[in-house]
Every structure is written in C-alpha cells, then in structure tokens.
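Reader: I am new to this structure and would like a close look at a single part, the open sheet. Please describe how its strands are arranged, then relate that part to the helices, charged pairs and cysteines elsewhere.

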Amino acid sequence: MHRRNHVRASSRGQTGASGETWVTGQFEDLGWGVAPIPTKHDVGTDLWLHARDARLFELGALIGAQVKAGSSWFGKPSRDDDGAVDGWWYTDQDDRHFKYWTEHRVPHILVLHNPDTRRSYWVHITKDRVHSTGLGSKILVPVSNTIDDEHVTDLLRVAAGDREGIRWEGSAWAGGETVSRADRLRHALLTPRLIAPHPNLSVTELRSEDALALLVKMRLRDLDPRDRRETGAPTIESCRTSGEWGWRLYAAAHDAIVDGAGTSAIEALIDQTEDAFEKTAAAALTCAMMVEDGDPARGLAVTTRVLDTDEGCPVDHAWLSLHRARCLAELGDLEQARDLAIEVQVLRNVAPHDPTAMAIMGASTDLIFTTSSWEAQKIPEAITGRDTLAAWWRTQEISWGLQHQFESNFKHWSQDSSARWGASDQTWLHLRAASLIAGLAGDHSGWRHAFGLLARRVLTTTTTDTEAMAGALTVLRRVGDSASVKLAVPHLRRVVSASAVRDAAHGIDLELSTRTSLRADLEMLRYASDVITSEHADRHTQWLLDVLRCPDALIDRLSPDFHLATTVLATLAPLTRVISASALRDVIEYLVSLPAQDDQAHAHDYAQVFRQIPDDAWTADDLRTLAARGTADNFELTEQITNVLAANDPAFREQLRVRIAAGDLAALESFGDIDDLDPHTARSLVDALATKITDQVAELKRGQGTVWARDFAATLIIVNIAHPEHADWASVLSLLATPAAFTDHLRASLTTLRQFGERVPDRIADDLVPILRARLTSPPKRHPFFGSPDIRGDAATALAAIKPTEVTDPELWELLNGDEKQRAAAVHVVANRNNPHDLMTLAAMAQDTAPWVRAMVANSLARWITDDIAAEPAFELLTRVLDDPGTLVAQAVVVRLNDTVDSAAAAQLTDTLRNHISAQVRTAIEKLEPHS
C-alpha cells in the first residue's frame, strides 16, 4: 500500500512537472516571460507569468498560475443545453486554495493541461466565479479559454485587471511631478493640463515639457518673456539653438503652430535624439501637423519610418501606430487602418492608469467605428471608448472658448466699449488648443469638430482679412465640413470676399484629396466656380471626367462615403461656364457618347451639365448624335436634350408646336422665344394654361395646395403679354385674388409681373391694382404646419412695375421697416418712379447692411443708366456701390445691361465690369461688346 501510494505520488509529480513545462512553453510562444516557483507549497503558485506585448516589451503586469496536468482533472465536465462539453469543474474541499488565489494582490489563473491533446485551458480565479459546494468550492474552466494567440488579449486583461486608473478629479495638479520623464512629452502633447503650470501658481523654472504643454494649450502670454507675468519662458531664438533637445522641439513646434513655419524643423529633430520617446513625440507632432496641412501621405512616411525602428514603449508604439492608422484611413486604406486601430485597443488593459493611453485607445475606438461598415458599427462601444478624461478636458477647452464667444457677443450687443487691457481672442485660442490636442492624440473626429469650429469662428468674425478667410475655408474643406462649405462659399463669394473664395479654391488639388476632404473639395469647387480661373477649371474638369469614365480607381483609393457620380456631376456643371473651349469640347464629347440614362437620379444629374453648355458650342455632328438617342433616357434628360436640339435646329423646334398647343410646358421651354408662336398655337396654349389655373384655384378653395412642377400663371402672363390678342387675364386675376393658407404659389407670378409690368394693358393693370394692394397690406397667414412666406415685398414690386405711383408713402415706409426682401422691394418702388430727385433716396438705401438690398439698388441704377434717367449721377453712385468685395452687386447690374443704350455712361459701365472677378459678369459683358 505504501509503495503503491509512493508510485502514484511520483507519477503525479512527473505529470505536474511535465504540465508546467508545456504551459511554460505555450506562454513563451506568446512572447511572455515565465518564472517557475522553486519551492512548492500545498497552497501557492506554480508559475509567475510576465505579460509582454507582441513586440516583447514588458508591460509591467504579472499573473500567477496554478497548473493542474493530467486527464483526471477533466473528469467532471460541464455540458450545455445541446449536450456538448463547455468546460470542466475544478473542485477543492479546502477553501484555503481559493482564498489564497482570490485575495492575492496578483491576479491568478487556474490552468488545466491535457497531456493527451497537449492543450491547456484556463480561467481567471475571481470571487464571482468561485461557487460553494457545501463541502468546499469549485470553479468552471471553460473549454473556450485556451492558451494561444487568439486569447492573448483576454490574458492581458487579466494581467492588468488589478490596476486602477489614477483619479485626476480636481484642478490643482502637481505639474506632472508624478509623471516619469519618458512619459512627460506624451502627456504634454495629449494631456497638457497635467503638465502645464497652473495659471495661479508661480513658476521659478520652466522645463521644455512645461513650455510645450503651455503651447498646446495656447497659453501664449505665459510663453512670452516680455509679458508681465514671469514664468521663466526663454526666447524662441534661444530655444532654436539650445543644447537641450526638448527646447529645440518646443521652438520648432512654436514656429509651426504660431507662425505657420511648416513641419521640416520638427521632422529634422527625429534624427537628433537617441531616446525613443523623443523620436515618437517628434514624429507624432510632425504627422499631426502634416494631416492638418492636408498631406497624410507624408505623415504616413514619417510614422512608418519611426515605427520600423521598433524602439518605443507600448504606449508610445500604440500612439504612433494610431497616427499611422489615421493617415492610412485618410488615404483610403480602411482595412489596414482598422487593423492597426484594433491593435491599439490593447492599451485598455496595458495602461488603464495612464490618461494619455486612454486618450489613444479612445481615438482608436472612434477610428474603428468610422472605418467599419454600417452593419459592423457598434455605437455603444464607440461612445464608451471615446469617453476618456483627455476627451473631457479637450471638451472643456471648447466649452471655455464658446463661453468667451457668448460673453463677447453680449458685450457687443450691450455696446460695452470699455477697454480690456491684455485681452486676446480667447475663443480662438481655446478652440485652437482643442484642435491641437485632438490632432496630436490621433483623434480624427475630435480634430475635425474642433478645427471646424475654429474655422467658422474666423469666418464669422473676419470681414477684411482675405488671407484669414481663405485659410478658414481651407480648414473647412480639410476637415470635411461640406455642409459648412456649401453655406460659407456662396455667401463669401457673393457678399464678403470673392477673392478669399478664389484663393481658397485655387489651393485645391483633387489628386491630393483625402477621404475626409474629397466631398468638401468638390463642393468648394462647385460653389466657387464663378471666380476661379479657366486654367484651374480646366485641370479640375479633366479630373472629373476621368472619374466619371472610370470611378473604380477613386473608389478603391479613397472609399468615399457619399454618392460619387452625383457630387462629381454637380461640380462639373458650373465649371463648364468658365472652362476653355478645348476643355468644353472634352465635356461635350463625353456627354454625346453617354449610354442611355433610364434612372431618373442619373438623368437629373446629367441634365444639370447639359443645361450649362452654351448653345453655340454644339456641332452639327453632336446634334445628330443627340437626336438619334430618341426616348431611351429618363424624361429629365430627354427634356434637356430637347432644349439643346430646339435651340440649334429650327426644324426640330417647329416640331414642338403640337406639344406646346397641348399645354406641354417642357416643350414650350425648349421652344424658346414665345413671341415666335403662331396664333393657333398661342391660342391653344392659353386655353390649356387657363384650364390648369382653374384646377389650381379649385384646389385652393378646398384648402388644398399641390406642388406643381411648373408655374402655370407665370407662364400665362408671359404668353398674354407676347400675344395680347389671345390673352386670358381672367385666370391670372382669379388665382392672385383667391385667398389661401398657402401663398408660395404666387411668387413666380408676382415676379413675372415685376419683370413685364410696363407691358401689362392699362385695363388689366387697373384690375390688378386692388388685388396687389390687398396682398401688399396683408401679413402672411401662419399655417400651423407648413407656414406661409411673406409675399408683401413681391406684391409691392409687382404693383410698382405696373403702376409706379400706386404704392403710397405709408406703404413704402412699412416696406422700409420690414425684412431684407421688403426693403429690397422698397428699392424697386422708389426706382420705378423714374424720378431723378429720388437718387438721394437710393443713395441712402445703398448703405443698407443687407447685401440683397444693395444689389437691388445697383440693379435699379443700371436701369436708370440704360434708360438715360439721370445717367451721369446714377453712374457716379453706381461706381460706389460696385466697390463691393463680392459678386452679387455686379451680377445684379449685368442682368440689366442687355438693353444697353449707346450712351457714354453705359459704355463706361461695361468698361468697369469687363475684368470683374466673376466669370458670369465677364461673359455677360463679352456678349454686350457689339452693343457697347
């Protein structure tokens, strides 16, 4: 009996030793360090496991392992509902083992090794996993937990599970005194709040990391040696030549961030140090600034070069890997970017105590989310992953900036003129700090948000600095804020600074567009096309055509997240107005060779481009090819091709008469000049339009309002004026007089009356006066759901056009006290009186803050000049109004110059506009040259 027990004990000991050897080898295959316990105890630990990352860097994390080897340990299987083994129960009648493991300061795992299969299974021993049996305790070792690469992340989570993050609540730091030298640079760039000296504390000696943190927080006054508050900051000149690498980095960063000196000096510092953490910080800073400059390809090269040395600690390595992933995503390599970002997630377990590590991990979570398909996106994980201390501190910067913005707006509103010595644009500084912190952390979404806010701040507070406005537009497109670009560019171009728009647009190279900027780049070109040069327009047009011919190359490169063809065609359409003749020929040849477009969305997009091609640009061969298309296209494109054919082919144009007589307004639009309609067609068209209007009036009386594709009443007004012998004014009068909750349907009719008011017959004008006055004096009805536009200004301009003296002075005063459209209507009322004594009134109106009012003054003055009404003084006033940085005023002038009389003032006016920045204005003047 004794010998048999001895043999069994010896066998168990050999099996245990063999199992420990196998488990040791399995962890060493993972790259982990393994230290066996030399002295065995009844209750204890068999192995100490030292966690390492994939690059074999020690992570400072430890696991204790208890190894049980032999088939006997697999004798108590657990089974799932289907009867399959899902693990094995390990039982112990002596709770001392479990007490030891669960209360140990080092996390412990239990490993069951199967010598037959040579596989090892483990479980993290925690109190919640241990179950009482009444006689002892047990724990389930899952079959799914094996020691291999697939579970190394789970093992790392166990190793770091005892670490608690440092509590950073409060606002009084120790200036980063507890942060090691190797981590201080990273903290200065990502969590500068922890390193920068507190504003209320005196500083006797400033370190380079402190200065860098102050720079990232944009506390520039604290870095100015000349400021009255002493922080010990050296001069930038002395830092550039300092013998300390950190001060040279600070100087290079200051030059780049504050003075816009570029990144070359920062990049050069990478090779001027032997310390891996300094190389990493310089590379991360360089990459972040390169992405800001719209050059992720160079940022990728910098990060790759430093990562290839494989010297950085785990957090630094992850930091630089995230920057590399960000660049890859910008260049369209989403899969590799996502894989790198997933690798960065290991920081969640490796360094939960490090706020910079959590910032990096949070940014990588967002990158994984934004580069994943919609189906794969996990919104809760993205939200929780981004919820880090660093993100919160960055949000505070934005909050402080917006708070200063609110205070500034309130002081401006209250007309507070008191001086504030030493005041600076705190909103700008805080928003810039937020964008820097986000960019340096590789947090692309956070950077886009903060930098976009900064750009909008500049645009809304700057009216004369062309360079600043162009720079802000450039930022908006680089951060991919296409919605703001669509709003800002037209406004700046038309009103504030066409030059700023031109300069920003000329900086676009679509070959260098990133995944973030591509759509905003295209939108900027679309809305800036009127002011860019033909050379730039030609270059962009060729790129757009190449994409339309072969979109797959761009899709593969950048993986755009919007409908590419629609946006490209929307950009191409306005560019056709400014490109050269040879580039226009390329566009036409592409359009003519299009296959049939039966999809309405595609047909609509292509019709936009067809619409912009000048009539005289089509050749006879082009027209024959277009005519041969028949009706294979969707109706939207078919109608536009019909317009082209009708404008260039008299025979085709004649074929439209039958359709026009039936009330086909698309055919009428293609036909062109309504004066050319024969009496029969005109009569039939009038009847068809009158029937449509009768139906519309009936709907309105029932409280309904259909959205019609075309305005029948506005068209009928034009036909009535062109063919008075067949006119039907009763239908028009009925529609205008019918009360309805909706009034938007009247705008086109009122605008048409304003344009052709002088040609309305006197008896009809008499009938229109009371109807228009009722509209002029009736406030809009507020529909509970849809509302109703205020058409009082439209009614006033129509009334002034048909009866210039009918608008009374009280009614005019009411318009002058109204909104922008009503004040613009007041300009028409005054100008339509054709009284030279009203020039001073127009001069006063020209000072209106609303651009549309000033444009209407210019339009009216141009009419006075062409009609020879106080032409010379009107020209003097107009030249002052034309001294406008936008294009709106000049464009309002040229629409009045088609009927230019041969007067010295008119000729002088065309000379003034001949070299205008707007292509639309220049083209209009060129067409007038024979008349001037």
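Author: What follows starts with the sheet and then moves to other parts of the chain. The model is a predicted one.

The sheet is open and has five strands, in the order β1-β2-β3-β6-β7, with mixed pairing. The edges are taken by β1 (33-36) and β7 (119-124). Each of these two has a single partner strand, so one side of each is left without a neighbour in the sheet. On average, neighbouring strands of the sheet are turned by 30° against each other, direction ignored.

Take the β1 edge to begin with. Strand β1 pairs with β2 in the antiparallel sense, over four bridges. Within this pairing, Pro 36 has Leu 47 of β2 as its bridge partner.

Strand β2 covers residues 47-52, and its side chains alternate. Leu 47, Leu 49 and Ala 51 point to one face and are buried. Trp 48, His 50 and Arg 52 point to the other face and are not buried. This follows a general pattern: in a regular strand the side chains alternate between the two faces of the sheet. Leu 47 thus appears twice in this account, as the bridge partner of Pro 36 and as one of the buried residues of β2.

On from β2 comes strand β3 (residues 58-69), and the two pair in the antiparallel sense over five bridges. His 50, which is among the residues of β2 that are not buried, has Leu 62 in β3 as its bridge partner. The strands β2 and β3 form a hairpin with five residues between them. In that hairpin, Leu 56 takes a positive phi near 70°.

At the β7 edge, strand β6 (residues 108-114) is joined to β7 by six bridges, and these two strands run antiparallel. Ile 109 stands opposite His 124 in β7.

Next, a pair of helices. Two packed helices are described by the angle between their axes and the distance between the axes. Helix α34 (residues 712-722) packs with helix α36 (residues 747-756) at an angle of about 25°, and their axes are 8 Å apart. That angle makes α34 roughly parallel to α36. On the α34 side the residues that meet the other helix are Ala 713, Ala 714, Ile 717, Ile 718 and Ile 721. They meet Ala 748, Ser 749, Thr 752, Leu 753 and Phe 756 in α36.

Now the charged side chains. Side chains of opposite charge can pair when their charged atoms come close. The structure has 40 salt bridges by count. One of them joins Arg 181 and Glu 278, with an N to O distance of 3.9 Å. Arg 181 is in helix α4 (residues 181-190) and Glu 278 is in helix α9 (residues 276-292), so this pair links distant parts of the chain, 97 residues apart. Glu 278 counts as buried because its relative accessibility is 8%, under the cut-off of 20%.

A second salt bridge is formed by Glu 267 and Arg 298, at 3.7 Å from N to O. The pair links helix α8 (residues 264-268), which holds Glu 267, to helix α10 (residues 296-307), which holds Arg 298, and the two residues are 31 residues apart. Glu 267 is partly exposed, with a relative accessible area of 22%. Arg 298 also counts as partly exposed, at 39% relative accessibility.

A further salt bridge joins Asp 809 to Arg 833, whose closest N and O atoms are 3.4 Å apart. Asp 809 lies in helix α39 (residues 809-816), while Arg 833 lies in the loop between α40 (820-831) and α41 (839-845), so the pair ties together parts that are 24 residues apart in sequence. Asp 809 is partly exposed at 40% relative accessibility, and Arg 833 is partly exposed with a relative accessible area of 28%. Elsewhere, salt bridges that share partners join Asp 183, Arg 186, Asp 316 and Asp 354 into one network.

The cysteines come last. The structure holds zero disulfides. Cys 287 is in no disulfide, and its nearest cysteine sulfur, that of Cys 327, is 3.3 Å away. Cys 327 is likewise in no disulfide, with the sulfur of Cys 287 as its nearest at 3.3 Å. A disulfide needs the two sulfur atoms within 2.5 Å, so a pair beyond that is not counted. Cys 287 is buried, with a relative accessible area of 0%, and Cys 327 is buried at 0% relative accessibility.

Methods:
Residues numbered from 1 in each chain as written. Predicted model: local features only at pLDDT ≥ 70, side-chain atom pairs only at ≥ 80, totals over all residues. Heavy atoms only, no water. Buried < 20%, exposed > 50% of the residue type's maximum accessible area, 1.4 Å probe, protein only. Salt bridge = Lys/Arg side-chain N within 4 Å of Asp/Glu carboxyl O. Pairing = 2+ DSSP bridges. Axes fitted to C-alpha atoms, helices over the stretch in contact; angles between N-to-C directions. Parallel < 35°, antiparallel > 145°, perpendicular 65-115°, else oblique. Contact = heavy atoms within 4.5 Å.
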